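Visitor: I would like to understand how the words used for a protein model are tied to numbers. Could you take me through the reasoning step by step?

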Amino acid sequence: MCYHATAVEVPSWGFGTLCPLSQPRPRSTARRCPMVPKFREVHRPQSLDEALALLARPDVRTVPLAGGTALLAHPDPRVEAVVDLQDLPLADIRVEEAHGGLGLGAMVRLQALVEDDAVRAFAGGLIAQGARESAPLLTRNRATVGGCVAVADPLDPLLLALLALRARVRYRTPDPREQPLDQFLEEREELLGKGALITEVVMAQPGKWTGTALLKVARTPSDRPILCGAACLSLDRSDACQSVTVAMGGLGARPARLHGIEALLAGVPLSEEAIADAVGRIRWPEAAPSDVRASGQYRLEVAPVLLRRLLWTAWHRAVRAA
Ligand SMILES: Cc1cc2nc3c(=O)[nH]c(=O)nc-3n(C[C@H](O)[C@H](O)[C@H](O)COP(=O)(O)OP(=O)(O)OC[C@H]3O[C@@H](n4cnc5c(N)ncnc54)[C@H](O)[C@@H]3O)c2cc1C
């Protein structure tokens, strides 16, 4: 069957078909070989329709290849073919003229978010900060916005920043569809399993009197966070909370919107006491994951402190903006 796609031979032992175990090779490489992906096909389509046709094949398990930082580092042995997205028109950062909203193409690299003036100016620099803190420079030069959404790491600061800004995900199934990011994350496995291709992440410009914050708890500044959260808080004309969106990661398998605190603070005249009182009233999960960095108990103890600081920071920034 012809999909008009280019099957690219990769001149490396990184791909199983080119690395038969029977060939002699240096000992160190021989040890690594079983750990690398064994894709049968690597396609590099020139149009979205070609990519979607390849991803929709029922008989060959095919997934998109974006920056490859997660896909190649943690290969899924069931994947038989990859569709390299780098030639597709998905790498634009778009600012909407009319409303100042932002559109981030799925193939925009994380480092581009750190460097782009429009992104740095958007929402108090929340997205640029999230991208900078999400991975080291070498990884940021390859990793993409689409990969970040598809991987959905609950402690990815960029993903949490996008959630706090109520971002929406545009994707093709092959029909074009759009969903709020939090809803997309709930259906992510099913959608990606059916060959959905993320094309863009879009968000509206927050109101004038808005403050944002992105904070984390980690053993060292560059270590993977134990907990991470992002908030976007807008004030109305009377300095009461018009709306607030909070996302936190580290308390479960998925990053979560904290709808409880969002409802408690809406319309409330803000003060440090009012925020502390609202934080004291929300219900936390009964258990959180434990790992080498922290116990679940520690995470649950620290979560209200992090949330309070997030809200205080976003509120103070909103007051300064007003
Ligand atoms: C050294 C190193 C450090 C890292 N540190 C961190 C870290 O601190 N925090 C963190 O969160 N992550 C980290 N990562 C993981 C990784 O960088 C991110 O998850 C990244 O956003 C993945 O993007 P990518 O473009 O490389 O995706 P890829 O690796 O190309 O793809 C990842 C998955 O997403 C799917 N996918 C990619 N693009 C699309 C699309 N447009 N539509 C549908 N599916 C798609 C792929 O099929 C694959 O299943 C690290 C990785 C490395 C190698």
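Guide: Let us begin with strand S9 and strand S10 (residues 227-235), which pair in the antiparallel sense over 8 bridges. This is a predicted model, in which local features need pLDDT of at least 70 and side-chain atom pairs count only at pLDDT 80 or more, while totals for chains, interfaces and linings use all residues. Residues are numbered from 1 along each chain as its sequence is written, and side-chain values use heavy atoms, with hydrogens and water left out.

Visitor: What makes S9 and S10 a pair?

Guide: Two strands pair if DSSP finds at least two bridges between them, and S9 and S10 have 8 bridges, so the definition is met. One of these links joins Thr212 to its bridge partner Cys232 in S10. Strands themselves are DSSP runs of E with at least two residues, helices are runs of H or I with at least four, and both are numbered from the N terminus.

Visitor: How do you know which strands are the edge strands of the sheet?

Guide: The open sheet has 4 strands in the order S9-S10-S11-S12, with antiparallel pairing. Its edge strands are S9 (210-217) and S12 (256-257), each of which pairs on one side only. Further along the order, 8 bridges join S10 to S11, and S11 and S12 pair over 2 bridges. In that last pairing, Ala247 stands opposite Arg257 in S12.

Visitor: What lies between the strands of the hairpins?

Guide: The hairpin of S10 and S11 has 5 residues between its strands, and Asp239 in the turn has a positive phi of about 65 degrees. The hairpin of S11 and S12 has 6 residues between the strands, and there Gly250 takes a positive phi near 120 degrees.

Visitor: Why is Thr212 called buried?

Guide: Buried means under 20% relative accessible area, exposed means over 50%, and partly exposed is in between, with a 1.4 Å probe and protein chains only. Thr212 has a relative accessible area of 5%, so it counts as buried. Ala53, by contrast, has a relative accessible area of 30%, and therefore is partly exposed; Ala53 lies in helix H2 (residues 48-55).

Visitor: What makes the link from Thr212 to Ala123 a polar contact?

Guide: A polar contact is a pair of N or O atoms within 3.5 Å; within protein, one must be able to donate a hydrogen and the other to accept it, and residues adjacent in sequence count only if both atoms are side-chain atoms. The side chain of Thr212 reaches the backbone oxygen of Ala123 at 2.9 Å. Contact in the general sense means heavy atoms within 4.5 Å, and the residues that Thr212 touches, not counting those up to four places away in sequence, include Leu126, Leu165 and Arg317.

Visitor: Why is S11 said to be largely enclosed?

Guide: Of the 9 residues of S11, 7 are buried, so the rest of the structure largely encloses this strand.

Visitor: How do you know that the buried residues of helix H11 line one face?

Guide: The buried residues of H11 (residues 272-281) are Ala274, Ile275, Ala278 and Val279. Seen down the axis of H11, they fall within an arc of 135 degrees, so they line one face of the helix; the arc is that of the directions from the helix axis to the C-beta atoms. The face turned away from the buried side carries the exposed residues Glu273, Gly280 and Arg281, while the cover over the buried residues includes helix H10 (259-265) and helix H12 (296-321).
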